[in-house]
Amino acid sequence: MQLQQLINRERLAQTFIQLCETDSPSGKEGRMAALVTEMLCALGAEPPFEDDSAAATGSECGNLIFRFAGDPNLEPLFFNCHLDTVEPCIGIKVVRKDDIFTSLGETILGSDDKSGIAAMIEALTVLRENKLSHAPMEFVFTTCEEIGLLGAKALNPEHVRAKMGYALDSTGFGRVIVGAPASNRLRITVRGVAAHA
């Protein structure tokens, strides 16, 4: 049986809704970090390693890394999502019609990146329920992504043991993105006489 057939779609939807309705603006990810920790520890995870990135980012919490033992003969993998969402994201109410999720209209939905977090939680749930063998894994949750990848920039790569992984942060379905454009900054000085066009 394929892993996809073991996914409980309704449970996944409820997890997604709960995550979306938890406030998590950039810099104020504390509630989301606590909820993710509660959900993963309920699945048998040890409390996460929390780095000291909050000193650099100004966030309520540092980046979190959950580690899961697995088959030592397999290459370890990490999976990454960010905990924050763009504004306006306070008081999100999710409206669900069948398999379509929207916000009530006064806020964003927050599916970036809570859809990725929900997928990670569901995947771990399925692995645990079915006692499936897997590679050693790390779940890496970063802060302040939406305001310049601040949490990821402050993450010491030595804290991540896996050498390969996946960032679950994109739009679309059923595809893998292996590259993205970089962020560039330009400083331009214009000299001359002010004039109206």
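Trainee: Let's start with helix 5. How many residues does it have, and how far does it reach from its first C-alpha to its last?

Mentor: Keep in mind that this is a predicted model. Helix 5 covers residues 111-129, so to speak 19 residues, and spans 26 Å from first C-alpha to last, close to the 27 Å expected at 1.5 Å a residue.

Trainee: Which residues of helix 5 are buried?

Mentor: The general idea goes like this: an α-helix has 3.6 residues a turn, so residues three or four places apart point the same way. Now the case here. The buried set in helix 5 includes Gly116, Ile117, Met120, Ile121, Leu124 and Leu127. Charged residues turn up among the buried ones too: Asp113, Lys114 and Glu122.

Trainee: Next, backbone oddities. Where are the cis peptide bonds?

Mentor: As background, most residues other than glycine have a negative phi, and most peptide bonds are trans. In this model, a cis bond links glutamate 87 to proline 88, with omega about -5°. Proline 88 sits in the loop between strand 3 (77-82) and strand 4 (94-97). Another cis bond links aspartate 112 to aspartate 113, where omega is about 20°. Aspartate 113 belongs to helix 5.

Trainee: And what about phi just after helix 5?

Mentor: There you meet lysine 131, which is not a glycine yet has a positive phi of about 50°. Lysine 131 lies in the loop between helix 5 and strand 6 (137-142).

Trainee: Is lysine 131 buried or exposed?

Mentor: Exposed: its relative accessible area is 73%. Compare that with cysteine 144, another non-glycine residue with a positive phi, near 55°. Cysteine 144 is in the loop between strand 6 and helix 6 (150-154), and at 0% relative accessibility it counts as buried.

Trainee: Now the strands. In which sense do strand 4 and strand 5 pair?

Mentor: First the general picture: in a regular strand the side chains alternate between the two faces of the sheet. Here, strand 4 and strand 5 (residues 100-103) pair in the antiparallel sense, over four bridges. For a contact to find on screen, take arginine 96, whose bridge partner in strand 5 is phenylalanine 101.

Trainee: What sits between those two strands in the hairpin?

Mentor: Two residues separate strand 4 from strand 5, and in this hairpin aspartate 98 takes a positive phi near 60°.

Technical notes. Residues numbered from 1 in each chain as written. Predicted model: local features only at pLDDT ≥ 70, side-chain atom pairs only at ≥ 80, totals over all residues. Heavy atoms only, no water. Expected span 1.5 Å × (residues − 1). Buried < 20%, exposed > 50% of the residue type's maximum accessible area, 1.4 Å probe, protein only. Pairing = 2+ DSSP bridges.
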